[in-house]
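Student: I have a model open in front of me and would like to learn how to read it. Could you take me through it step by step?

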Amino acid sequence: MAAHRKPRQRSLGGNTARTAATLALAGAATATAFEGTGQAEPQLTPAQVKAKVDQLYQEAETATQKYDGAKDKADAAQRRLKSLQDEAARKQEKLNSARDALGATAAAQYRDGGIDPAWQLALSSDPDRYLDDAAFAERVGDRQAGAVMRVRGQLREIERLRGAAHVELASLRSRQAELNRQKNTINGKLGEARRLLDRLSPQQQAAVTADAVSSRASRSGSDGRDILGPGSVAAPDSRAAAAVSYAYSKLGSPYIWGATGPNAFDCSGLAQAAYRSAGVSIPRTTYAQINAGRRVSRSELQPGDLVFFYSGISHVGIYIGNGQMIHAPNPSAPVRIAPIDEMPFAGATRVV
């Protein structure tokens with residue numbers, strides 16, 4: 001009988017060993033890759049978060065100014081479209097009345113026009129009166145011809161108005177699409193800033209968003225005075241003074257992009273509302289506001305002047321004297337007083 005033997009255990013060698021090693025390395029690489037995926041996003045320090053959030057707020061404000069400009073143009077297009085539609089409706093009513101009158105005259109002529117004029121003269125019991133009536137009818141015909149011409153003119157005018165309204169509607173839709181694009185940009189920037197801040201602890205968030213204006217402002221004046229109060233520096237013009245007074249009254253109001261008051265503002269919305277309260281109309285956006293008056297240098301600044309910041313003219317404040325302004329900073333801070341050296345100075349305008 002053949003001896004019963006245990007089957008021999010094969011050692012891991014040759015191709016089998018190489019395959020096992022490859023699988024082990026692949027597993028280790030995969031594990032490393034998954035660990036790397038979990039740590040792909042670097043942990044930012046509070047100072048880095050603040051710098052990034054400030055940048056995002058500035059980019060959002062640039063988009064806000066574009067949004068404000070597009071909204072201004074969309075509102076104007078909406079008003080023009082409504083005016084064209086109203087005018088077309090009024091002319092359509094006149095046209096309908098003129099058509100009704102022509103229709104009545106045409107029906108009367110049809111009823112009376114079946115007998116040749118020569119026979120009507122021959123059969124008339126009063127030929128002299130008939131001739132008078134015929135002359136009158138000819139004059140009426142001339143007037144009806146004029147009425148027809150007027151109706152044709154009204155038709156052409158209505159078609160022109162409808163064409164203009166069509167162009168205006170296309171413009172409005174284009175402006176509305178631009179509004180949506182800028183709105184999405186703004187919301188994206190603000191959302192990213194919020195996500196960055198949410199990574200921090202409540203204490204770190206408070207440190208990043210804390211208002212450091214008071215300490216800087218107290219150092220900004222040459223005589224060491226604190227932030228100025230209303231009336232501390234007189235504005236050169238009563239309307240400028242009224243604008244500054246309005247700005248003071250809105251301290252603490254929230255920043256909301258696209259807002260022009262009375263309870264919330266963006267930066268250019270605050271400037272526009274302040275001068276509107278003084279009876280002065282200025283444009284809606286920072287890009288247009290800087291050209292709304294006479295340019296003045298930084299050394300010439302007086303209370304009521306509008307001060308602008310960044311190379312793209314994307315931010316504005318209302319100068320109040322002593323190197324200070326009132327402005328609506330960004331969603332992290334309400335309307336407040338700040339030194340004008342807080343941001344890169346780009347220019348200034350004296351509105352009145």
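Student: To begin with the whole protein, what does its accessible surface come to, and what percentage of that belongs to carbon and sulfur atoms?

Tutor: Accessible areas come from the Shrake-Rupley method with a 1.4 Å probe, and for residues only the protein chains shown count as cover. Here the accessible surface comes to about 21,100 Å², and carbon and sulfur atoms hold 53% of it. Please keep in mind that this is a predicted model, in which local features need pLDDT of at least 70 and side-chain atom pairs count only at pLDDT 80 or more, while totals for chains, interfaces and linings use all residues. Residues are numbered from 1 along each chain as its sequence is written, and side-chain values use heavy atoms, with hydrogens and water left out.

Student: How many helices and strands are there in the protein?

Tutor: Helices (H or I, at least four residues) and strands (E, at least two) are DSSP runs, numbered from the N terminus. The protein has nine helices and six strands.

Student: What share of the residues is buried?

Tutor: A residue is called buried under 20% relative accessible area, exposed over 50%, and partly exposed in between (1.4 Å probe, protein chains only). Of the 352 residues in the protein, 32% are buried. As a single case, take Glu168, which is found in helix 4 (residues 127-198) and counts as buried because its relative accessible area is 13%.

Student: Which residues does Glu168 touch?

Tutor: A contact means heavy atoms within 4.5 Å. Leaving aside residues up to four places away in sequence, Glu168 touches Ala77, Arg80, Leu81 and Leu84. For the protein, if you take the contacts with a separation of 6 or more, 66% of them join residues 24 or more positions apart.

Student: Which residues of helix 7 are buried?

Tutor: An α-helix has 3.6 residues a turn, so residues three or four places apart point the same way. In helix 7, the buried residues are Ala240, Ala243, Val244, Tyr246, Ala247 and Tyr248, and the buried residues of this helix pack against helix 8 (267-277), strand 3 (315-321), strand 4 (324-327) and strand 5 (336-339).

Student: Is helix 8 largely enclosed or largely open?

Tutor: Nine of the eleven residues of helix 8 are buried, so this helix is largely enclosed by the rest of the structure. Among them are Cys267, Leu270 and Tyr275, and just after helix 8 you will find Gly279 with a positive phi of about 80°.

Student: In what order do the strands of the sheet lie?

Tutor: Two strands pair if DSSP finds at least two bridges between them. The six strands form an open sheet in the order 1-6-2-3-4-5, with antiparallel pairing. Strand 1 (294-296) and strand 5 stand at the edges with a single partner strand each, so one side of each is left without a neighbour in the sheet.

Student: And how is strand 2 placed?

Tutor: Strand 2 (residues 306-309) pairs with strand 3 in the antiparallel sense over four bridges, and Phe309 stands opposite His315 in strand 3. Strand 2 also pairs with strand 6 (residues 345-350), again antiparallel and over four bridges, where Thr349 is the bridge partner of Leu306. Both faces of strand 2 are covered, since Leu306 and Phe308 on one side and Val307 and Phe309 on the other are all buried.
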